[in-house]
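Please examine the structure shown below together with its sequence. The paragraphs that follow describe helix packing, aromatic pairs, single residues and backbone conformation.

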Amino acid sequence: MASNDALTDVTGLRVGHARVAGDGALSGTTVVLAPEGGVVAAVDVRGGGPATRETDALDPRNFVQRVEAIVLTGGSAFGLDSASGVAAWLEERGRGIRVGADPAQVVPVVPAAGIFDLGRGGDWRARPDAATGRAAVEAAAGTESGAPVVEGSVGAGTGAVAGQFKGGVGTASTLLDSGVTVAALVVVNAAGSAVDPLTGVLYGRYFSGRPEYPAAEVHEAARRRLAELRELNGPAPLNTTLAVVATDAELSRAQAQKLAGTAHDGIARAVRPVHLLNDGDTVFALSTGLRTLREKGQDALNEVLAAGADVVTRAIVSAMCAAESTDRPGGAFPSYRDLYGLD
């Protein structure tokens with residue numbers, strides 16, 4: 001396992017969070033900043049209600065070869081404006097696709113995806129904008145290479161909800177025997193649940209060995225509390241789970257797109273159900289290309305693809321364990337650790 005068990009274990013990637021200010025706000029933005037010169041990127045969108053920007057540019061058939069940043073944000077379609085702040089910051093530094101003789105003439109391509117968290121803090125109009133995006137990319141740029149990533153109710157995960165539980169940001173990484181690092185960062189904001197209602201175990205823990213089951217009385221108390229909140233909160237809101245899965249392995253754009261697709265399996269293991277009409281589940285894949293796969297052919301790539309799904313699952317577990325309870329006008333959502341007392 002790599003040093004911080006985080007997306008930033010892929011050398012060159014940096015992560016920054018920013019939160020929307022105000023008493024009625026419960027939203028924010030997270031930026032994954034690539035090293036200067038960009039990274040190979042791809043995307044796979046499987047939710048039925050996505051809020052996205054510039055995802056078509058990542059199609060391997062199209063012109064864009066590399067991107068400088070990925071934006072994950074709250075605010076649904078409104079929050080995609082945060083990517084404009086990131087693009088402006090990149091332009092000021094001459095980072096992007098050069099389109100003229102002057103090195104300053106660049107167009108930064110900043111793919112973005114948003115979760116639905118509108119009104120959860122009480123103010124429907126309190127959502128990320130260009131200033132939020134700029135604050136998040138500045139936060140990312142201000143970190144050291146390989147810095148730990150703050151998890152929980154931060155950035156794009158500030159207002160995230162997973163079923164009846166508070167969601168948030170989580171991250172995980174693994175170091176393969178080949179020396180390749182594969183890592184993920186996930187914003188868990190699902191219409192489905194990350195918790196098995198029969199046992200109280202996080203679904204994602206079933207895939208990492210024998211899980212620790214909560215005591216029967218703890219699980220029963222949690223069930224009663226959730227039943228009470230179901231009456232208070234009303235129908236399940238629109239939701240979306242977002243992920244960035246990255247590797248230092250050298251991947252083509254088509255291979256990166258395959259990684260984005262198989263990484264969705266990691267969401268499906270940890271959240272049930274997924275990819276619904278009122279989800280916008282989206283996975284971005286990044287390749288820094290610092291390492292050539294030790295073996296040529298499909299076996300070496302398959303190892304990366306399998307690891308991508310695994311780290312997404314573990315990142316979802318980390319997000320659920322790090323999230324903090326919230327009780328705001330937009331609803332009361334307890335954290336998993338507060339209801340179950342487990343880490």
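Helices here are DSSP runs of H or I with at least four residues, numbered from the N terminus. The model is predicted. Just after H2, Gly94 adopts a positive phi of about 65°.

Helix H2 itself, residues 82-92, offers a starting point for the packing. Its buried residues are Ser82, Ala83, Gly85, Val86, Ala87, Trp89 and Leu90. These buried residues pack against strand S2 (28-33), strand S4 (51-53), S5, helix H1 (76-79), strand S8 (112-114) and H3.

Among these partners, H3 can be described geometrically. Two packed helices are described by the angle between their axes and the distance between the axes. The axis of H2 and that of helix H3 (residues 130-141) come within 6 Å and cross at roughly 50°. H2 and H3 are therefore oblique to each other. Their crossing is right-handed. On the H2 side the contact is made by Ser82, Ser84, Gly85, Val86, Ala88, Trp89 and Glu92, and on the H3 side by Ala130, Gly133, Arg134, Val137, Glu138 and Ala141. Sorted by class, this contact of H2 with H3 contains six nonpolar, four polar and three charged residues. A general property of helices is relevant to such lists: an α-helix has 3.6 residues a turn, so residues three or four places apart point the same way.

Another residue of H3 is Ala139. With a relative accessibility of 30%, Ala139 counts as partly exposed. Leaving aside residues up to four places away in sequence, Ala139 touches Gly16 and His17. Glu220 lies 81 residues from Ala139 in sequence, and their C-alpha atoms are 42 Å apart in space.

Strand S5, one of the elements against which the buried residues of H2 pack, spans residues 69-73 and contains Ala69. Is Ala69 buried or exposed? Its relative accessible area is 2%, so Ala69 is buried. Apart from residues up to four places away in sequence, Ala69 touches Val31, Val32, Leu33, Val86, Leu90, Val109, Val110 and Pro111. Two of these contacts, Val86 and Leu90, are listed with the buried residues of H2. Gly38 is 31 residues from Ala69 along the chain, and the C-alpha atoms of the two are separated by 7.6 Å.

A second helix pair is formed by H5 (residues 253-270) and H6 (residues 298-322), whose axes come within 7 Å and cross at roughly 40°. H5 and H6 are therefore oblique to each other, and their crossing is right-handed. From H5, the contact involves Gln255, Lys258, Leu259, Thr262, Ala263, Asp265, Gly266, Ile267, Arg269 and Ala270; from H6, it involves Leu301, Val304, Leu305, Gly308, Ala309, Asp310, Val312, Thr313 and Ile316. By class, the contact of H5 with H6 comprises ten nonpolar, five polar and four charged residues.

The backbone also deserves attention. Most residues other than glycine have a negative phi, and most peptide bonds are trans. The loop between H5 and strand S14 (282-291) contains Pro273, and the peptide bond from Arg272 to Pro273 is cis, with omega near -10°. His275 is found in the loop between H5 and S14 as well. Although His275 is not a glycine, its phi is positive, at about 60°. His275 is partly exposed, with a relative accessible area of 26%. Asp5 also has a positive phi, near 50°, and is a residue other than glycine. Asp5 is placed in the segment before strand S1 (14-19), and its relative accessible area of 22% makes it partly exposed.

Aromatic rings complete the account. How many aromatic pairs does a search of the whole structure find? The search finds three. In one of them, the ring centres of Phe116 and Trp124 are 6.4 Å apart and the planes stand at 65°, so the pair is edge-to-face. Phe116 is buried, with a relative accessible area of 19%, whereas Trp124, at 46% relative accessibility, counts as partly exposed. Elsewhere, ring pairs link Phe165, Tyr336 and Tyr340 into a cluster.

Note on methods. Residues numbered from 1 in each chain as written. Predicted model: local features only at pLDDT ≥ 70, side-chain atom pairs only at ≥ 80, totals over all residues. Heavy atoms only, no water. Axes fitted to C-alpha atoms, helices over the stretch in contact; angles between N-to-C directions. Helix = DSSP H or I, 4+ residues; strand = E, 2+ residues; numbered from the N terminus. Parallel < 35°, antiparallel > 145°, perpendicular 65-115°, else oblique. Left-handed = near helix turned anticlockwise from the far one by under 90°. Contact = heavy atoms within 4.5 Å. Nonpolar A, V, L, I, M, F, W, Y, C, P; charged D, E, K, R; others polar. Phe/Tyr/Trp six-rings, centres within 6.5 Å; stacked < 30°, edge-to-face > 60°. Buried < 20%, exposed > 50% of the residue type's maximum accessible area, 1.4 Å probe, protein only.
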